[in-house]
Amino acid sequence: MLELDRVSVRVRGVPLLRDVSLKLAPGDFVALLGPNGAGKTTLIRTALGLLPAGEGSVRLGGQDVRRMSGRERAAQAAWLPQHHRIHEEISALDLAAAARFRFDETRQASLDAARAALARAGATEFAARLVARLSGGEQQRVAFGCLLAQQAPLLLLDEPANHLDPAQQVSLYRLIGDCWREGLGVLCITHDVNLLAHAARDRESSVRILGVQCGSLAFESRLDAPDLGQRLSELFGLRLGEARLEGRRVFLPAEVAP
């Protein structure tokens, strides 16, 4: 369980989060949407203890996140950052195996689990290649494999489809949805609300949407809420129209709000 209780964050005197409360348990799916600079990434970094909360509290697995070791945090939550560039000369397989640092296991056990995770992420073909020499999209698939290798009950994802082509974006969100159905908790930052439908697949009413603006939670809704388009239009300052595509509701930009 991840719990943020009335959390505020200031960096060099600038407020980045204001009075934010949020709960994420295994089996939950929470999507954070909002304009650039709204505080979405700051929220995840604070949830992991990478940024200190000036006010309020953050608890992960029932513990104060500030007092947890790296291994303890890794046992509770796996993080996929927005920018995941690797420059070290390390293979994708070794990187995925390193993601299992919290486990007391043999090297062979780590490698076996890493291979399985890369396979599920569609990154088997990169296992022996140096990560620094992969394209951005290839690195993103490897990074998701590392996330799976960690085997944490909560997944914190910051724009997980970065650098991926449309087919791979859909495939990744379907995989995220599979992980959710298996009982993992998902906290996902995205700018494309339409991709969430590929994860939900007829469970739209179970996907919580949190609108983030100026460091605060502007609204909470559901992916199937009738007024979601209006709320997102106000959030982004962009009028969004709705259409149906193969039984799914999609949101399309219409015009910039005055």
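In this predicted model, Leu 217 sits in strand S10. The residue is partly exposed, at 30% relative accessible area. Setting aside residues up to four places away in sequence, Leu 217 touches Val 20, Ser 21, Leu 210, Gly 211 and Val 212. One of these partners comes from far off in the chain: Ser 21 is 196 residues apart from Leu 217 in sequence, yet the two C-alpha atoms are 8.3 Å apart in space.

Just before S10 comes a backbone oddity. Cys 214, found in the loop between strand S9 (207-213) and strand S10 (216-222), has a positive phi of about 55° even though it is not a glycine. Cys 214 is exposed, with a relative accessible area of 56%, so it falls over the 50% mark for that label. Glu 159 does something along those lines in another loop, the one between strand S7 (154-158) and helix H6 (166-181). Phi of Glu 159 is near 50°, again a positive value in a residue other than glycine. Here, though, the side is a covered one: Glu 159 has 12% relative accessibility and therefore counts as buried, the limit being under 20%.

Strand S7, which leads into the Glu 159 loop, is itself well wrapped. Five of its five residues are buried, so S7 is largely enclosed by the rest of the structure. In a regular strand, side chains alternate between the two faces of the sheet. Both faces of S7 are covered, with Leu 154, Leu 156 and Asp 158 buried on one side and Leu 155 and Leu 157 buried on the other. As for neighbours, S7 runs parallel to strand S6 (residues 77-80), joined by four bridges, and Trp 79 has Leu 156 of S7 as its bridge partner. S7 also runs parallel to strand S8 (residues 185-189), this time through five bridges; here Leu 157 is matched with Cys 188 in S8.

From S8 the pairing carries on to strand S3, in the parallel sense over four bridges, with Leu 32 standing opposite Ile 189 in S8. Strand S3 (residues 29-33) has five of its five residues buried, so this strand too is largely enclosed by the rest of the structure. Phe 29, Ala 31 and Leu 33 are buried on one side of S3, while Val 30 and Leu 32 are buried on the other, leaving both faces covered. S3 is joined in turn to S9 by five bridges, again running parallel. Leu 33 has Gly 211 as its bridge partner in S9, and Gly 211 is among the residues that Leu 217 touches.

A separate piece of the sheet story is antiparallel. Four strands form an open sheet in the order S2-S1-S4-S5, with antiparallel pairing. Its edges are strand S2 (14-24) and strand S5 (63-64), each of which pairs on one side only. Inside this sheet, strand S1 (residues 2-11) and strand S4 (residues 55-60) pair over five bridges, and Leu 4 has Val 58 of S4 as its bridge partner.

Among the helices, H1 (residues 40-47) is mostly covered, with six of its eight residues buried. The buried set is Lys 40, Thr 42, Leu 43, Ile 44, Thr 46 and Ala 47. Just after H1, Gly 49 takes a positive phi of about 80°.

Stepping back to the whole chain, the secondary structure comes to eight helices and 12 strands. The radius of gyration is 18 Å, which agrees with the value near 18 Å that a compact globule of 258 residues would have. The C-alpha trace spans about 55 × 45 × 30 Å along its principal axes. Of the 258 residues, 48% count as buried. Contacts with a separation of 6 or more are 60% made up of residues 24 or more positions apart. The chain exposes about 12200 Å², and carbon and sulfur atoms supply 49% of that area. Finally, there are 32 positive and 30 negative charges, and their mean positions are 3 Å apart.

How values were computed: Residues numbered from 1 in each chain as written. Predicted model: local features only at pLDDT ≥ 70, side-chain atom pairs only at ≥ 80, totals over all residues. Heavy atoms only, no water. Helix = DSSP H or I, 4+ residues; strand = E, 2+ residues; numbered from the N terminus. Buried < 20%, exposed > 50% of the residue type's maximum accessible area, 1.4 Å probe, protein only. Contact = heavy atoms within 4.5 Å. Pairing = 2+ DSSP bridges. Rg over C-alpha atoms; globule rule 2.2 N^0.38 Å. Areas by Shrake-Rupley, 256 points an atom, 1.4 Å probe, with all protein chains shown as cover. Lys, Arg positive; Asp, Glu negative; His and termini not counted. Charge placed at Lys NZ, Arg CZ, Asp CG, Glu CD.
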